[in-house]
Amino acid sequence: MANLSHLFSPFRLGRLELKNRMVMAPMTRSRALVEGNVPNPLAVTYYAQRASAGLLITEGTQVSTQGVGYIRTPGIHSSAQVAGWKAVTDAVHAAGGVIFAQLWHVGRVSHPDFHDGQLPVAPSAIPVEGGQVFTFKGRTPMVTPRALETHELPGIVEQFRLAAVNAKEAGFDGVELHGSNGYLLDQFLRDGSNQRTDAYGGSIENRARFPLEVARAVVGVWGAERVGYRLAPQPFPYAGMTDSTPAETFSHMARELGRLGLGYLHVTEAVSGQGAPSPEQRISPLLRKAFPGTFMVNGGYDAQTGEAALSRGEAELVSYGVPFLANPDLVERYRRGAALNTPDSATFFTGEEKGLIDYPALG
């Protein structure tokens with residue numbers, strides 16, 4: 001069995017003691033209750049089963065009804081949703097785990113069916129060419145979004161702030177801001193999706209303004225050390241995401257988040273369907289230099305490559321998605337060098353118990 005001493009070593013994240021450096025990455029599972037987008041009671045079992053991770057990060061959780069873009073994804077803006085998440089955090093804590101909520105607003109990656117016929121919102125009225133979303137009618141083409149007015153932006157910052165307050169009420173240990181994968185915060189940051197002419201568009205500094213305002217508001221609720229931020233600097237074709245100067249854009253964002261003293265920066269470079277970029281295309285080493293705090297990497301890691309990243313000082317934490325999805329006891333399997341369960345991709349985003357809580361643990 002390989003030496004995985006770094007991966008299994010404890011880590012202090014602010015005042016939180018993580019028992020190892022393996023993080024369960026946020027993964028949409030599309031199993032919230034249809035009525036009210038309340039967390040499914042099955043989520044209590046799902047997250048508690050995986051509480052051996054040093055840190056659990058929940059699936060993307062909408063900060064408002066405006067932030068919805070997929071069927072059966074949970075929110076954290078109603079009392080019923082908060083109660084649903086409280087059951088989850090209680091179970092995780094009883095199992096000895098630490099859990100953050102990922103706060104999410106999809107922006108233009110949505111459809112009028114989710115908004116009583118109103119257009120989804122975005123920094124600019126730029127559609128995702130060929131983009132589709134899952135509605136209750138099935139795969140549905142995206143529409144051209146409505147550009148947000150400048151005076152509307154403080155209201156969305158407030159949506160994130162209130163969601164952060166609700167996450168605290170629900171018993172979470174902290175929150176992560178979803179600033180990647182072509183969703184609203186990412187849409188503001190990249191010049192391929194942000195062509196505004198006000199103070200929130202144009203220069204890199206202006207495009208970063210809105211996501212940084214959101215980060216400051218959430219830090220005001222939690223304190224900086226309990227807030228993380230997720231970035232994905234590579235092009236993201238599914239959501240039509242590009243930037244003309246990604247190294248400069250994302251390095252600026254990483255520096256500014258570092259100045260806020262955030263608990264961690266979570267960076268993924270492997271894009272679904274594309275794999276990981278070549279070494280010379282990787283931007284994460286630049287972000288590592290720009291961000292002075294705890295650095296978390298994600299994207300196709302296994303036990304050995306995760307250990308290697310930690311031992312080389314490329315990161316302090318490694319997050320795993322599908323391996324944790326299919327192996328509730330992933331930590332123990334890596335510890336023993338045991339075989340992993342085969343993930344069932346047909347149940348990643350649909351179903352109930354099957355593919356969620358029925359993956360076997362080691363005997």
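This report describes nonpolar cores, selected residues, a cavity and a pocket in a predicted model.

## Nonpolar cores

The largest nonpolar core has 83 residues. Within this core, the residues with the most contacts are Tyr47, Leu103, Leu177, Phe210 and Leu265. Helix α5, residues 204–222, supplies the largest share of the core, namely 10 residues. A second core, separate from the largest, has 12 residues, including Phe11, Leu16, Val98 and Met296. In soluble globular proteins, nonpolar side chains tend to be buried together.

Leucine 177 illustrates the contacts made by one residue of the largest core. Beyond its neighbours within four places in sequence, leucine 177 is in contact with Leu103, Phe160, Leu185, Val214, Ala215, Val218, Val227, Gly228, Tyr229 and Arg230. Leu103 is also listed among the residues with the most contacts inside the core.

## Tyrosine 264 in strand β12

Tyrosine 264 belongs to strand β12, which covers residues 264–268. Tyrosine 264 counts as buried because its relative accessibility is 0%, under the 20% limit for that class. Its side chain makes a polar contact of 2.7 Å with the side chain of glutamate 176.

Leaving aside neighbours within four places in sequence, the contacts of tyrosine 264 are Leu13, Leu55, Ile57, Phe100, Glu176, Val227, Gly228, Tyr229, Phe291, Thr294 and Met296. One of these, Met296, is a member of the second core. For glycine 228, the C-alpha atom is separated from that of tyrosine 264 by 4.8 Å, and the two residues are 36 residues apart along the chain.

## Asparagine residues with positive phi

Most residues other than glycine have a negative phi. Asparagine 37 has a positive phi, near 50 degrees. Asparagine 37 sits in the loop between β3 (22–24) and α1 (42–49). Asparagine 37 is classed as buried because its relative accessibility is 16%, which is under 20%.

Asparagine 181 also has a positive phi, here of about 60 degrees. The location of asparagine 181 is the loop between β10 (174–178) and α4 (184–189).

## Glutamine 81 and the β3–α1 loop

Glutamine 81 is part of helix α2, residues 79–94. With a relative accessible area of 1%, glutamine 81 is buried. A polar atom of the glutamine 81 side chain lies 2.8 Å from the backbone oxygen of glycine 36.

Not counting residues up to four places away in sequence, glutamine 81 touches Gly36, Asn37, Val38, Pro39, Gly75 and Ile76. Asn37, which has the positive phi noted above, is thus listed among the contacts of this helix α2 residue.

## Threonine 28, glycine 351 and long sequence separations

Threonine 28 is located in the loop between β3 and α1. Threonine 28 is partly exposed, with a relative accessibility of 24%. Not counting residues up to four places away in sequence, threonine 28 touches Glu59, Thr73, Trp104, Phe348 and Phe349. Threonine 28 and phenylalanine 349 are 321 residues apart in sequence, but their C-alpha atoms are 7.0 Å apart in space.

Glycine 351 is placed in the segment after α10 (330–336). Glycine 351 counts as partly exposed at 28% relative accessibility. Arg31 and Arg72 are the residues that glycine 351 touches, not counting those up to four places away in sequence. The C-alpha atoms of glycine 351 and arginine 29 are separated by 8.9 Å, and these residues are 322 residues apart along the chain.

## Cavity and second largest pocket

The structure holds 1 cavity of 30 Å³ or more. The largest cavity contains about 80 Å³ of space. Its lining consists of Arg29, Arg31, Ala32, Pro39, Asn40, Ala43, Tyr46, Glu59, Pro74, Trp85 and Leu356. By class, these lining residues are 7 nonpolar, 1 polar and 3 charged. Arg31 is also touched by glycine 351, Glu59 by threonine 28, and Pro39 by glutamine 81.

The second largest pocket contains about 220 Å³ of space. Its lining has 15 residues, and Asn37, Val68, Asp113, Phe114 and Phe136 lie nearest the centre of the pocket. The lining divides into 6 nonpolar, 6 polar and 3 charged residues. Asn37 therefore appears both in this lining and as a residue that counts as buried at 16% relative accessibility.

Terms used:
Residues are numbered from 1 along each chain as its sequence is written. This is a predicted model: local features need pLDDT of at least 70, side-chain atom pairs count only at pLDDT 80 or more; totals for chains, interfaces and linings use all residues. Side-chain values use heavy atoms; hydrogens and water are left out. Helices (H or I, at least four residues) and strands (E, at least two) are DSSP runs, numbered from the N terminus. Buried means under 20% relative accessible area, exposed over 50%, partly exposed in between (1.4 Å probe, protein chains only). A nonpolar core is a set of buried Ala, Val, Leu, Ile, Met, Phe, Trp, Tyr and Cys residues joined through side-chain atoms within 4.5 Å. Contact means heavy atoms within 4.5 Å. A polar contact is a pair of N or O atoms within 3.5 Å; within protein, one must be able to donate a hydrogen and the other to accept it, and residues adjacent in sequence count only if both atoms are side-chain atoms. On a 1 Å grid over the protein atoms alone, a cavity is a set of points where a 1.4 Å probe fits but cannot get out, and a pocket is an open set with protein on both sides within 12 Å along at least five of seven lines; lining residues have an atom within 4 Å of a point. Grid points are joined across faces, edges and corners, and a volume is the space filled by probe spheres set on the points. Ala, Val, Leu, Ile, Met, Phe, Trp, Tyr, Cys and Pro count as nonpolar, Asp, Glu, Lys and Arg as charged, and the others, Gly among them, as polar.
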